[in-house]
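The following exercises concern confidence, the surroundings of one residue, and aromatic pairs. Each task is followed by a worked solution.

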Amino acid sequence: MLLRRLHLALPILILTAGLSLAIEPAAATKTHKITKPATNPDGSVKKAPAAKPYKTKSIKSRKMKSSKSTSAKSIAPKSTSDSYSTTPRTTAVSLRTPVPSTSREALLDRIQHSLSTPRIAIENPRALRPFFEQLHQLELDPKSELVRVIQFGDSHTAADLFTGALRTLFQQKFGDGGAGFSYAGYPFAGYKIHGTHRAQSTGWLALGTHLKDIGDGMVGMGGVSLSTDAAGNWVSLDADATSLQVQYLIQPNGGNIEIRDNDTLIATVPTASSDTAAPDTAGHFDALVEPGPHHFEVLTVNQAPVRLLGLSTENAAGITYEAAGINGAEASLFLRWNEALQQTLMLETNPALIVLSYGTNEASDHNWTEEGYASMFQRIIERCHRLAPKAAILVVGPPDRALRASRRAWKPFNGVDRIVAAQRSVCRQMNCAYWDQRSRMGGLGSMRDWVSISWAQPDHTHFTGEGYTELASALFSDITDQYDKYEPAITRAQGETK
């Protein structure tokens, strides 16, 4: 019996002891022992020693986490001004582990070697002779004429980093002809022409930027227009120039616009057609202004439809390099613009060189075969010859691309192959010059290296400011190398008579 009582009591003792052990520390945490501060012999309170700088256990691991957190974001280059005088700084944008400095130097050397030593720079350079002839006349007499270049393209053109760098290079060599043509106002996010500043009121509707629906196609020379039916809407443009041109649509019941220069009214221009039965057409207002900086403004006066097709700011002589790019555009978009409207303005502009820079978006569009794309591209070249019969045509091929293979891996994209092959064949048939941009980058798969050295964005499609500048320098070098080999017609004739 005694043993049985001990057997029953033993678990109760153990449980009680366990509870006391569990409760005791908790109770101790609620009891705060009050202590007096330590004192020095003189009675003053002792101070704690100065804290030492905090030392991280693993700096490398922190850098790795930081690079992962920012790698998925596209970091746009920052610019200190609207001028293209400085090269935008960029942040490392690789989705992979940061490239060691020695490997980065090797990649940089390889890319620079490809950019500086092309096997074939400009294909069919003789097609650029009309452009070279105007450059030659400009060099003989720097104040003689204005030579215009206009580039049509996709987002690589719309950013005005590639074209802005080319504008700077050409104007340093042949004279500053001004910014040239630009879209009116601020038709889409990120639109910028370096060397200018633009703004607009909120009452405008952009036409041409929504690629699936460009409306009636009356979008002017560059494929984008702004329209409104309300009075009091405005666009502004700050630029250095000696002349201004405002391009607009002449339409039935069109409204009036006021054009101001530095807050001084230049003119009030009606945009209504005198013949309501006549088809809509393009009109333009031209004004000479004093050399120097200007703040131009176009304001709608009355409650009536107004459509602006573009603005142009130029100097009396030199060269322009104008950008007409639209994000996401394929080359076929060019054929959807109203040709009669575009031709009126292009004949007035009379460019010496038309540059076509398309192919990035078509490369990932599986609806295009090489044969179908070549047929469409030939129609574009034929149209350019009608728009500007005296202009030379240069086609800039698409750059290399890479597609995501997994979360951290990318694979070269060979869809660019059929676009390059089609463009090249059309240029041979239609007497156009061709620049193989992908080859100058280093060929298929080179985009990965450009991303690794921060010359391209982490989307493996677009470039950073520095990358666009390097590509522009390569194209400019290839064009001027051919120009230096060019012999004017007079020189050849004299040589033949001797």
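**Exercise 1.** State how the pLDDT behaves over residues 1-40 and how many contacts beyond four places in sequence the model has for them.

*Solution.* In this predicted model, the pLDDT of residues 1-40 remains under 50, and the stretch has nine contacts beyond four places in sequence. Residues 491-498 also have a pLDDT below 50, with two contacts beyond near neighbours in sequence. Where pLDDT is low, predicted coordinates should not be read in detail. For the chain, the average pLDDT is 84, and 78% of the residues score at least 70.

**Exercise 2.** Determine whether Trp 204 is buried or exposed, and describe its surroundings.

*Solution.* Trp 204 is located in the loop between β5 (197-200) and β6 (205-207). Its relative accessibility is 9%; buried means under 20%, so Trp 204 counts as buried. Its contacts outside four places in sequence include Leu 226, Trp 234, Thr 300 and Val 306. Val 306 lies 102 residues away along the chain, yet the two C-alpha atoms are separated by 9.6 Å. The Trp 204 side chain also reaches the backbone oxygen of Trp 234 at 3.0 Å.

**Exercise 3.** Classify the ring pairs Phe 334–Trp 337 and Phe 463–Tyr 468.

*Solution.* An aromatic pair is described by the distance of the ring centres and the angle of the planes. The structure contains 21 aromatic pairs. For Phe 334 and Trp 337, the values are 5.1 Å and 50°, and the pair is tilted. Phe 463 and Tyr 468 have ring centres 5.2 Å apart and planes at 70°; planes over 60 degrees apart count as edge-to-face, so this pair is edge-to-face. Phe 334 is buried at 0% relative accessibility, and Trp 337 is buried at 3%.

Conventions: Residues numbered from 1 in each chain as written. Predicted model: local features only at pLDDT ≥ 70, side-chain atom pairs only at ≥ 80, totals over all residues. Heavy atoms only, no water. Helix = DSSP H or I, 4+ residues; strand = E, 2+ residues; numbered from the N terminus. Buried < 20%, exposed > 50% of the residue type's maximum accessible area, 1.4 Å probe, protein only. Contact = heavy atoms within 4.5 Å. Polar contact = N/O pair within 3.5 Å; in protein donor to acceptor, adjacent residues only side chain to side chain. pLDDT = per-residue confidence, 0-100. Phe/Tyr/Trp six-rings, centres within 6.5 Å; stacked < 30°, edge-to-face > 60°.
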